[in-house]
Amino acid sequence: MDVVMEDPADESNPDWGRFQRLPDDVRVATCRRLSPKWYRVLRRARGAEPITKSDAAPISAVSAGDSGGLAAVAREAMQILVSASQSSTLAHEFADTAHALFDGRQRIVASSGPSHYVHVAAAEVAHRHNIPHVVDMRDPWARFAPPSSAERVLPDDQLRGMEAATLQRAALIITNTQSAADVLATRFPQLRDRICSVPNGSDVEPILAPPVCSNVFQIAHTGALYLDRDPRSFMRAVARVRTSLGLDASTLRVIFMGQKAMINGQTLAELATQAGIGDLFEERAAGTREEARQLMRDSMMAVAFQGATKTQVPAKIFEYVAFPVWLLALVGTDSASGELLANSDALVYSIDDEDATAKGIENAYLKFRAGEMPRPVGYDGRFSRKKQAERLILELEQLMK
């Protein structure tokens, strides 16, 4: 296997541990995410600080509903312009790098996104060398909503306009939920026979040993809190539990670990204070995968949120299911996440169902105080990534016959 990927050094906190566990016979080539020259010149002309990480484009802070006026619109437009240039450049660089690695032994080109420009690059490689192209879509490519006026004017930073042509050339199209596969098949009925679903899975074997004994009922959220995943109802539910049971920071704690997020221009700490749990709340910077897993080992409950896109399963859920915690999944029963967790021990509620959320947290807390510990939601191995990988390999073998 040969791999072409973005350089991990371009990430703010790369996790080199998993990279180092790759087999010795896997060749890895990397491409850097560079800002266009015009952007670097513009920054120098304005006297801005030098761009670090090999001139990687700055990533704006996560924000939902932030109305910053004309300046904010201008910043967003500039970000899209830079991102569009990067996507186009990287698609060419990925294709050129893959061409250089090709030595006739390769039987399939598989591309996994987002970012979805990798599919454009892989389609070019597959076409040139006359081998099948497998498109693996961890998230949808094109937006389901009609483009806004601004999107019609601004460059196509996600290369969405190339989705149809790329998928039509693919030998196999994989989504990570059946809901996403159904949506894609509706949009491209002529490709229905080439679309299949292979879910994500958990890399961690279910941890059946109970967590370390603690007097603190700790609720954890790890990973990015994306734009439309609003934790305010959850925070109010926690506040109701603390009031009902008379709890303080010595008995109840909430920790969010990941990229800093803003909701309606406010930090998570500010939202926690407004909800009445400021003294219980801690926001930790993003860390390594192992640091996130240690947080899970130290916690009694994990919380996950579902955004407006209900056809995808947040990857963190596949981490949570391996740990002996109560899994509070605020995803709604009508989402792909809800379907995944059906008939399991997970507590599945709507993201805005404050009453059910408070009741679920309180019941779990009372069980904890009574000495009852949860088992991993994936205790029986149903969410194993190994099982899903075996399914994927069978699909690839069919293409190589």
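What handedness does the β-α-β unit of β6, α8 and β7 have? I looked this up at the start, and the unit is right-handed. I note that the model is predicted.

**Entry: confidence**

I checked the confidence values before going further. The protein chain has a mean pLDDT of 86, and 91% of its residues reach 70 or more. Residues 52–67 have a pLDDT below 50, and in the model this stretch has 38 contacts beyond near neighbours in sequence.

**Entry: the strands around β6**

I went back to β6 and looked at its partners. With β5 it pairs in the parallel sense, over four bridges. V135 has I173 of β6 as its bridge partner. On β7, I found three bridges to β6, and the two strands run parallel. I173 turns up again here, since its bridge partner in β7 is I195.

Next I asked which way the side chains of β6 point. L172 and I174 point one way, while I173 and T175 point the other way. All four of these residues are buried. In a regular strand, side chains alternate between the two faces of the sheet.

**Entry: helix α8**

Which residues of α8 are buried? In this helix, residues 178–187, I list S179, A180, A181, L184 and A185. I then looked for what covers them. The cover includes the strands β5 (133–137), β6 (172–175) and β7 (195–197), along with the helices α7 (163–169) and α13 (336–341).

**Entry: the six-stranded sheet**

I traced an open sheet of six strands with parallel pairing, in the order β12-β9-β8-β13-β14-β15. Why is one side of β12 and of β15 left without a neighbour in the sheet? β12 (281–284) and β15 (347–349) stand at the edges and have a single partner strand each, so one side of each has no neighbour there. Neighbouring strands of this sheet are turned against each other by 20 degrees on average, direction ignored.

Inside the sheet I looked at one pair. β8 (residues 217–222) and β13 (residues 301–305) pair in the parallel sense over two bridges. A220 has A302 of β13 as its bridge partner.

Two helices on this sheet went into the notebook. Helix α9 (residues 232–245) packs on the sheet and touches β8, β9 (252–257), β12, β13 and β14 (326–330). The direction of α9 makes about 165 degrees with that of β9. Helix α11 (residues 289–297) also packs on the sheet, touching β8, β9, β12 and β13. Its direction makes about 155 degrees with that of β8.

**Entry: S233**

I picked out S233, which is found in helix α9. Is S233 buried or exposed? Its relative accessible area is 6%, under the 20% cut-off, so S233 counts as buried. Setting aside neighbours within four places in sequence, I find S233 in contact with I351, D352, D353 and E354.

**Entry: nonpolar cores**

The largest nonpolar core has 35 residues, and F217, I219 and F234 touch the most other members. Elements that each supply at least two residues of this core include β10 (261–263), α10 (268–275) and α14 (354–369). The most comes from α9, which gives six residues.

I followed F234 further. Leaving aside neighbours within four places in sequence, F234 is in contact with I219, V254, F256, V303, F305, L328, L330, T357 and I361.

Apart from this core I found another, of 28 residues. Among its members are L90, V118, L167 and L184. I had already listed L184 with the buried residues of α8.

Methods:
Residues numbered from 1 in each chain as written. Predicted model: local features only at pLDDT ≥ 70, side-chain atom pairs only at ≥ 80, totals over all residues. Heavy atoms only, no water. Buried < 20%, exposed > 50% of the residue type's maximum accessible area, 1.4 Å probe, protein only. Contact = heavy atoms within 4.5 Å. Pairing = 2+ DSSP bridges. Right-handed = clockwise from strand over helix to strand, strands pointing away. Axes fitted to C-alpha atoms, helices over the stretch in contact; angles between N-to-C directions. pLDDT = per-residue confidence, 0-100. Core = buried A, V, L, I, M, F, W, Y, C linked by side-chain atoms within 4.5 Å.
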